[in-house]
Amino acid sequence: MTQTADPAPPSAPTRPERRLVLGLQHSIAMFGATVLVPILVGLSPSVALFGAGVATLIFHLLTGGRVPIFLGSSFAFIAPTTLVVREFGPGAAAGGLIAAGAMYLLFSGLVKWFGTNRLLQVFPPVVTGPVIIVIGLGLSNVAVGQAKTNWWLALATLLAAVVASVFGRGLFRMIPILVGVVVGYLVALAAGQVTPDALAAIRAAPPLGLPDFHAPTLDWRAVAIIAPVAVVTFIEHVGDVIVNGRVVGQNFLQNPGLSRTLFADGIANMSSAALGGPAATTYAENTGVLALTRVYDPAVLRIGAVFAILFGCSPKLAAVLQSLPAGVLGGVSILLFGMIASVGIRTLAEARIDFAHSRNLIVVSLILVLGLGGAAFPIAVGGTTLTLSGMALAAVVGIVANLVLPAQRREVDGAEEGGRVLH
């Protein structure tokens with residue numbers, strides 16, 4: 001399988017002010033989901049932002065600065081982290097999340113031992129294409145859920161982003177998400193859609209202040225509950241690295257290598273948890289920004305990481321971003337998540353998947369229906385229940401179906417066309 005399909009990606013702008021604005025755009029794209037997770041599980045949003053920035057910088061450092069990925073709060077760990085925070089406290093949750101990061105180091109060693117090529121044999125385009133579609137469309141309910149809180153505000157935001165992307169010139173064409181958010185926020189302010197409490201919080205928040213860090217503690221009960229989820233996020237990591245490479249036009253599974261990205265993700269995850277933040281994971285939102293702007297320079301993502309750290313250290317800036325109405329976030333999310341799904345469709349098209357073969361139809365159909373239909377498969381692991389759902393379930397089902405279903409033969413101009421279909 002090759003991930004390189006596009007011509008050489010466009011160069012990122014060299015002017016420092018443009019890089020700063022593009023980096024800010026990446027921070028805004030990840031902000032909503034990154035602060036939502038700690039709010040749901042009972043951790044500090046400011047620590048989550050700070051930890052996401054640190055985790056992203058560590059990931060780039062350990063991967064040689066080659067992969068344009070942003071790490072933010074992971075949704076996969078919400079249920080077990082919530083349970084541990086409630087029963088054993090945030091320190092124990094941090095310890096469990098550090099153990100989950102250590103699982104990534106184990107996976108990295110296994111990939112290094114067995115080789116990436118063996119893994120790629122079970123991730124051909126007939127599997128990766130629809131899995132990428134699931135990654136994008138699987139988040140569509142989040143985007144629509146935000147947008148339907150105020151459809152006209154979401155549409156105003158979406159329209160501003162589309163106009164900037166299609167008709168904008170120079171810098172404005174590169175920052176459609178930021179343009180959409182700014183226009184949407186101004187419209188919301190003019191229409192009185194930003195709540196008085198949010199405005200009061202902005203006025204009251206100090207400009208600078210360190211987040212409320214807390215140290216991890218080791219509790220084997222917390223480790224048993226949280227660490228097994230890394231099995232699911234391992235599959236998500238592979239899918240996210242593949243889709244990021246598809247967008248950029250490079251094969252990151254080969255260079256810097258899957259074992260290296262796994263190792264970097266594990267260390268980054270542990271660093272976020274050590275500060276008292278949630279688990280960190282690669283973010284589809286920022287991959288969507290890459291696909292939309294076609295600015296792939298990893299340095300821009302690192303600038304975004306610095307902005308995330310500053311947000312974590314500036315309660316006032318964080319309060320401004322937290323005051324963004326859900327409709328504004330929904331408007332840009334519709335565009336971002338749709339771009340991810342489009343990359344999956346492109347993957348199938350470029351691989352020239354032959355849908356005259358019923359096995360290919362079956363593999364793709366199973367991935368799409370089970371990945372998008374809300375199916376969940378519980379597995380008991382070490383006294384806790386691990387649930388495969390969404391993209392992780394879709395990937396497992398696709399891999400198994402592609403390996404188990406026999407190749408088909410058909411006659412073409414009197415000659416048989418056979419062999420295993422691994423497209």
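**Close-up 1. Helix α4 covers residues 90-114 in this predicted model.** Helices here are DSSP runs of H or I with at least four residues, numbered from the N terminus. The end C-alpha atoms of α4 lie 37 Å apart, which agrees with the 36 Å expected for 25 residues, because the expected span is 1.5 Å times one less than the number of residues. Just after α4 comes G115, with a positive phi near 100°.

A word on reading these views: residues are numbered from 1 along each chain as its sequence is written, and side-chain values use heavy atoms, with hydrogens and water left out. Local features need pLDDT of at least 70 and side-chain atom pairs 80 or more, while totals for chains, interfaces and linings use all residues.

**Close-up 2. F50 and F213 meet edge-to-face.** Their ring centres are 5.1 Å apart (rings pair within 6.5 Å), with 70° between the planes (edge-to-face is over 60 degrees). F50 sits in helix α2 (residues 45-62) and F213 in the loop between α11 (196-204) and α12 (220-226), 163 residues apart in the chain. F50 counts as buried (under 20% relative accessible area) at 15%, whereas F213, at 33%, is partly exposed (from 20% to 50%).

**Close-up 3. Y104, F107 and F234 form a cluster linked by ring pairs.** Here you can follow how these aromatic residues join up through their rings.

**Close-up 4. N251 lies in the loop between α13 (230-248) and α14 (253-274).** With 16% relative accessibility, N251 counts as buried. The N251 side chain reaches the backbone nitrogen of L253 at 3.1 Å.

Note on methods
Helix = DSSP H or I, 4+ residues; strand = E, 2+ residues; numbered from the N terminus. Buried < 20%, exposed > 50% of the residue type's maximum accessible area, 1.4 Å probe, protein only. Polar contact = N/O pair within 3.5 Å; in protein donor to acceptor, adjacent residues only side chain to side chain. Phe/Tyr/Trp six-rings, centres within 6.5 Å; stacked < 30°, edge-to-face > 60°.
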